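Please look at the structure shown here and follow how some of its charged side chains and one of its strands are placed. The report below begins with pairs of charged residues and then turns to the strand and the loop before it.

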Amino acid sequence: MKKFALMLTVMFLFAAAVSPATAAPIVFRFAGQSPPEHMATKTMEAMAKEIKEGTNGRVEVKVYPASQLGNYTLVMEEMIRGTIDMACMSLATDFDPRLEIIYTNGFVTGYDSAKKALVPGAWLPNKLNAFLNEVGVHLLGSYVEGFIGIGSSKAVKEPLDPKVDKGVLTRVPNMVVYTAGAKAMGYRPITIPYPDVYQSMQTGVCDAVDGYPTAAAYTILGDVLKYWYATNYSMEYLGYMISDKSWKKLSPEDQKVFQEVCRKYTLQSIDNAKSEDDKYMALMEKKGIKVFKYSEEELKPIKEACVSTWEAVGKAGTGVELMKEFKKELGNL
């Protein structure tokens, strides 16, 4: 009887020691910068659900939208430390200027070429991942919110001819890639902080804007825009990233689940981006904004003008050799 009781005690202690480790899921915090109703946040929620199902409940992902855990620079710092596990955010180029290649104007001008450039395993995501690995972060996939065009309060001259001065003072983000790209396309750039763009358009400080994807242009600037040119010279890009410290907590089997989910939602985001762009251009037209759409063939002169700036972009910080490689891999995509 004593032996039986001893065996029961040992079994109970063993179960008590093992069960919590096997039953309790790993909980990851997934940081986002988009509002709760935004497609990017809905995508994050769908990814969280599929990861939980794919890992049979071993990993639970909690989504924190609207920069609840900090802006993209702070979140990157926390991922490096391992205090935030995952993010769907802009790449913080503060940590490595080479990351700015993702914002290079002109390497894609359409949704099919975006898929070729960004599918996990392609040259560009592999390069970005290598740079992020150096600071302790992995890039598992990409989220494309939509393509960026030119919005203006007055008509642009010859929008498809980069040799013609467009006749508009154009706000650009404070990044060399955008300033160089705007000049190459025939625009006169002026840097204005993002929060001040609406008022600047309203008061005539600038006539046009560069750096806004279609949805943002409509929702934020719709009341001051009269024209939208879908020149697709750049795209609104977010990365699906994970802290190296969090990655190492996963089994190889669960890592594969993460990779498969991120691949799926990379390609799906590009399909969604086309739908979203079409949706918001239709809303622009309904609002009275004149919309101009172009084929990739029609956009070739703009692409070539942007490509001509890549060497200067390399000299400004991303690296000349890197931009040569970039041109070799993506210049004729």
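In this predicted model, the side chains of Glu-321 and Lys-324 meet in a salt bridge, with 3.5 Å from N to O. Both residues belong to helix H13, which spans residues 320-330, and they stand 3 residues apart, about one turn of the helix. Glu-321 has a relative accessibility of 57% and therefore counts as exposed, since exposed means over 50%, and Lys-324 is likewise exposed, with a relative accessible area of 52%. Elsewhere, Arg-58, Glu-253 and Asp-254 are joined into one network by salt bridges that share partners.

The structure holds 15 salt bridges, and the table lists some of them.

| Salt bridge | N to O distance |
|---|---|
| Glu-321 and Lys-324 | 3.5 Å |
| Lys-287 and Asp-223 | 3.0 Å |
| Asp-244 and Lys-248 | 3.1 Å |

The salt bridge between Lys-287 and Asp-223 links distant parts of the chain, for Lys-287 lies in helix H10 (residues 252-287), while Asp-223 lies in the loop between helix H8 (214-221) and strand E8 (227-243), 64 residues apart. Lys-287 counts as partly exposed at 41% relative accessibility, whereas Asp-223, at 58%, counts as exposed. In the pair of Asp-244 and Lys-248, the Asp-244 side of the bridge is buried, at 18% relative accessibility, but Lys-248 is exposed, with a relative accessible area of 62%.

A buried acidic residue can also be without such a partner, and Asp-207 is an example: it is buried yet has no salt bridge. Why does Lys-154, the nearest side chain of opposite charge, not form a salt bridge with Asp-207? Lys-154 is 4.1 Å away, and a salt bridge needs the nitrogen and the oxygen to be within 4 Å, so the pair does not count. Asp-207 is found in the loop between helix H7 (197-203) and strand E7, and, leaving aside residues up to four places away in sequence, Asp-207 touches several residues, among them Gly-151, Ser-152, Lys-154, Val-168 and Met-201.

Is strand E7, which follows this loop, largely enclosed or open? In E7 (residues 208-213), 6 of the 6 residues are buried, so the strand is largely enclosed by the rest of the structure. Strand E4 (residues 137-152) pairs with E7 in the antiparallel sense over 5 bridges, and here Pro-213 of E7 is the bridge partner of Ile-148. Strand E5 (residues 169-172) pairs with E7 in the parallel sense over 2 bridges, with Ala-208 of E7 as the bridge partner of Thr-170.

Key:
Residues numbered from 1 in each chain as written. Predicted model: local features only at pLDDT ≥ 70, side-chain atom pairs only at ≥ 80, totals over all residues. Heavy atoms only, no water. Buried < 20%, exposed > 50% of the residue type's maximum accessible area, 1.4 Å probe, protein only. Helix = DSSP H or I, 4+ residues; strand = E, 2+ residues; numbered from the N terminus. Pairing = 2+ DSSP bridges. Lys, Arg positive; Asp, Glu negative; His and termini not counted. Contact = heavy atoms within 4.5 Å.
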